[in-house]
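Biologist: Could you take one part of this model and go through it with me closely? I'd like to know what sits there and how it ties in with the rest of the chain.

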Amino acid sequence: MLLIILWMVGFSLLHSLMADRRFKRSLDSVFSERFRLGWYRLFYNAISVITLAPIFIYSALNAEAIYSISGIGAFVMMSIQLVGLIGATLSIIQIDWLRFAGFRQAWAYLKDQPLPLNSEPLTTTGLYAYMRHPLYFFSLLLLWFTPTMTTTGLAFNIGATAYFVLGSIVEERRMVQAFGKDYVAYQKQVSWMIPFLPRFTSS
């Protein structure tokens, strides 16, 4: 468990560094600004997958069950996980998912189109009308409502949950910088990560 927690801490620190504007701008001295604007998001997502893959493999090979639920209980939990999967998918679809993945920026670079891309509008409808971070919320449903929980799975879930919480705080500060008073008003109207709970402003 300790190895997984330490790995998730390292993962969080790495991604915090990569998300920092100063780090991004420092790359412009090595690569051109246009190259960074075109390829950085795709590279960032690729690094996410690469850095998480070893811990998934380790978790699978060193799994020791804490509990295992069967029967109707397992059906209920897997149904909640299905809701999580659908909700996470819709959360991405509601925004520009090609931009989220980094494909739109890379395509603009290859087609010699203007970069950076135009700013995205603030999404406040659909799932975003009930919580400001639906992707994180539904991902947590996927993680925690598993019928079989292992020691390594528990450690990963704890690390991922901490990452989502801290990531949302960083993201909210960035959104306030991008949208100003509009996002501050949105924070006051819509719940943070869990719908229908009291408003939490992390800016």
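**Helix α3 and its surroundings**

Modeller: Let's come in from the side: G10 counts as partly exposed, because its relative accessibility is 34%. In these terms, buried is under 20% relative accessible area, exposed is over 50%, and partly exposed is in between, using a 1.4 Å probe and protein chains only. Before going on, a caution: this is a predicted model, so local features need pLDDT of at least 70 and side-chain atom pairs count only at pLDDT 80 or more, while totals for chains, interfaces and linings use all residues. Numbering starts from 1 along each chain as its sequence is written, and side-chain values use heavy atoms, with hydrogens and water left out.

G10 belongs to helix α1, residues 2–19. (Helices are DSSP runs of H or I with at least four residues, strands are E runs of at least two, and both are numbered from the N terminus.) Measure along the sequence and G10 is 41 residues from T51, yet their C-alpha atoms are 9.6 Å apart in space.

Now to α3 itself, which covers 33–61. V49 is one of the residues found in this helix, and V49 is classed as exposed because its relative accessibility is 57%. Compare V49 with R36: those two are 13 residues apart in sequence, and 19 Å lies between them, C-alpha to C-alpha.

R36 takes us to the second largest pocket, since R36 is one of its lining residues. A pocket here is an open set of points on a 1 Å grid over the protein atoms alone, where a 1.4 Å probe fits, with protein on both sides within 12 Å along at least five of seven lines; a lining residue has an atom within 4 Å of a point. This one holds about 180 Å³ of space. Its wall is made by M18, F23, L27, F31, F35, R36, W39, Y40 and F43.

Where does most of that lining come from? Helix α3 is the biggest contributor, giving 5 residues. Helix α2 (21–27) and helix α3 each supply at least two. As for chemistry, the lining splits into 8 nonpolar residues, no polar ones and 1 charged. (Ala, Val, Leu, Ile, Met, Phe, Trp, Tyr, Cys and Pro count as nonpolar, Asp, Glu, Lys and Arg as charged, and the others, Gly among them, as polar.)

Between α2 and α3 runs a loop, and D28 lies in it. D28 counts as partly exposed, because its relative accessibility is 23%. If you want a sense of distance, the C-alpha atoms of D28 and S168 are separated by 26 Å, with their positions 140 residues apart along the chain.

Back on the helix, R34 forms a salt bridge with D112, and the closest N and O atoms are 3.5 Å apart. This pair ties together distant parts of the chain: R34 is in helix α3, D112 is in the loop between α6 and α7, and they are 78 residues apart. (A salt bridge needs a side-chain nitrogen of Lys or Arg within 4 Å of a carboxyl oxygen of Asp or Glu.) The two partners differ in cover: R34 is partly exposed, because its relative accessible area is 27%, whereas D112 is exposed, at 64%.

D112 has something else worth a look on your screen. Its phi is near 60 degrees, a positive value in a residue other than glycine. Also in the loop between α6 (103–110) and α7 (134–144) is P116, and the peptide bond from L115 to P116 is cis, with omega near 5 degrees. For context, most residues other than glycine have a negative phi, and most peptide bonds are trans.

The same stretch offers another link. R132 pairs with E172 in a salt bridge, with the closest N and O atoms 2.8 Å apart. Here too distant parts of the chain are joined: R132 sits in the loop between α6 and α7, E172 in helix α8 (residues 151–179), and 40 residues separate them. R132 is buried, because its relative accessible area is 4%, and E172 is buried as well, at 0%.

Stepping back, the structure holds 5 salt bridges, and another of them joins R104 to D96, with the closest N and O atoms 2.8 Å apart. R104 is partly exposed, at 36%, and D96 is partly exposed, at 22%. The chain has 9 helices and 2 strands, in the order α-α-α-β-α-α-α-α-β-α-α from the N terminus. Of its 203 residues, 35% are buried, and the C-alpha trace spans about 55 × 40 × 30 Å along its principal axes.

How values were computed
Points joined across faces, edges and corners; volume = space filled by probe spheres on them.
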